[in-house]
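Me: I'd like a close look at one part of this model, the buried interior, and at how the rest of the chain sits around it.

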Amino acid sequence: MDTIIELKNVWKSFDDEPPVLKGVDLKVYDNEFLTLLGPSGCGKTTILRLIGGFETPDEGDLYFLSDRI
């Protein structure tokens with residue numbers, strides 16, 4: 001299967017608060033159904049906003065179809 005989205009060692013914090021995301025690694029493969037599940041404040045929406053391009057990571061890399069963004 002081909003990787004279509006990949007997050008490598010992604011860190012994100014807001015307003016000098018502790019990081020919301022700490023070294024997140026994630027791969028989404030072609031034709032895969034993926035859900036993000038977790039308690040409030042665990043970073044689900046932040047991950048989606050990074051993938052959608054509405055936020056940028058403080059550290060780490062995002063790849064779409066193997067191209068670094």
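What percentage of the 69 residues of the chain count as buried? And once that's settled, walk me through the core and what lies around it.

Reply: Keep in mind that this is a predicted model. Of the chain's 69 residues, 22% count as buried.

Let's set the scene before zooming in. The chain has 1 helix and 4 strands, and along the sequence they come in the order β-β-α-β-β. The radius of gyration is 12 Å, close to the 11 Å that the globule rule gives for 69 residues, so the chain is as compact as a globular protein of that length. Along the principal axes, the C-alpha trace spans about 40 × 25 × 20 Å. If you look at contacts between residues at least 6 apart in sequence, 52% of them join residues at least 24 apart.

Now the core itself. In soluble globular proteins, nonpolar side chains tend to be buried together. Here the largest nonpolar core has 10 residues: I5, L7, V10, L21, V24, L26, V28, I47, L50 and L62. Three elements give two or more residues to this core, namely β1 (3–12), β2 (21–29) and α1 (44–52). The largest share, 4 residues, comes from β2.

V24 is a handy place to see how the pieces meet. Leaving out residues up to four places away in sequence, V24 touches L7, K8, N9, V10 and I47. L62 is another core member, and its place is in strand β3, which covers residues 59–64. Why does L62 qualify as buried? Its relative accessibility is 5%, and buried means under 20%, so L62 makes the cut. For a sense of distance, L62 and T35 are 27 residues apart in sequence, and their C-alpha atoms are 18 Å apart in space.

Not everything buried is nonpolar, so to speak, and strand β1 has two residues worth a click. K12 lies in β1 and is buried, with a relative accessible area of 7%. Setting aside residues up to four places away in sequence, K12 touches P19, V20, L21, T46, E55, T56, P57 and D58. E6 is also placed in β1, and at 15% relative accessibility it counts as buried. With the same sequence neighbours left out, E6 touches L26, K27, D61, L62 and Y63. Two of the residues named there, L26 and L62, belong to the core listed above.

Moving outward along β2, you get to Y29. At 28% relative accessibility, Y29 counts as partly exposed. Beyond its neighbours within four places in sequence, Y29 is in contact with M1, D2, T3 and I4. The C-alpha atoms of Y29 and T45 are separated by 20 Å, with the two positions 16 residues apart along the chain.

Finally, the outside. L34, L36 and L48 make a nonpolar surface patch of about 250 Å². L36 is found in the loop between β2 and α1 and is partly exposed, with a relative accessible area of 33%. For the chain as a whole, the accessible surface comes to about 5000 Å², and 50% of that belongs to carbon and sulfur atoms.

Terms used. Residues are numbered from 1 along each chain as its sequence is written. This is a predicted model: local features need pLDDT of at least 70, side-chain atom pairs count only at pLDDT 80 or more; totals for chains, interfaces and linings use all residues. Side-chain values use heavy atoms; hydrogens and water are left out. A nonpolar core is a set of buried Ala, Val, Leu, Ile, Met, Phe, Trp, Tyr and Cys residues joined through side-chain atoms within 4.5 Å. Buried means under 20% relative accessible area, exposed over 50%, partly exposed in between (1.4 Å probe, protein chains only). Contact means heavy atoms within 4.5 Å. Patches are made of residues with over 30% relative accessible area and no salt bridge: like charges are joined within 9 Å, nonpolar side chains (Val, Leu, Ile, Met, Phe, Trp, Tyr) within 5 Å. Accessible areas come from the Shrake-Rupley method with a 1.4 Å probe; for residues, only the protein chains shown count as cover. A salt bridge is a side-chain nitrogen of Lys or Arg within 4 Å of a carboxyl oxygen of Asp or Glu. The radius of gyration is taken over C-alpha atoms; the globule rule is 2.2 Å times the number of residues to the power 0.38.
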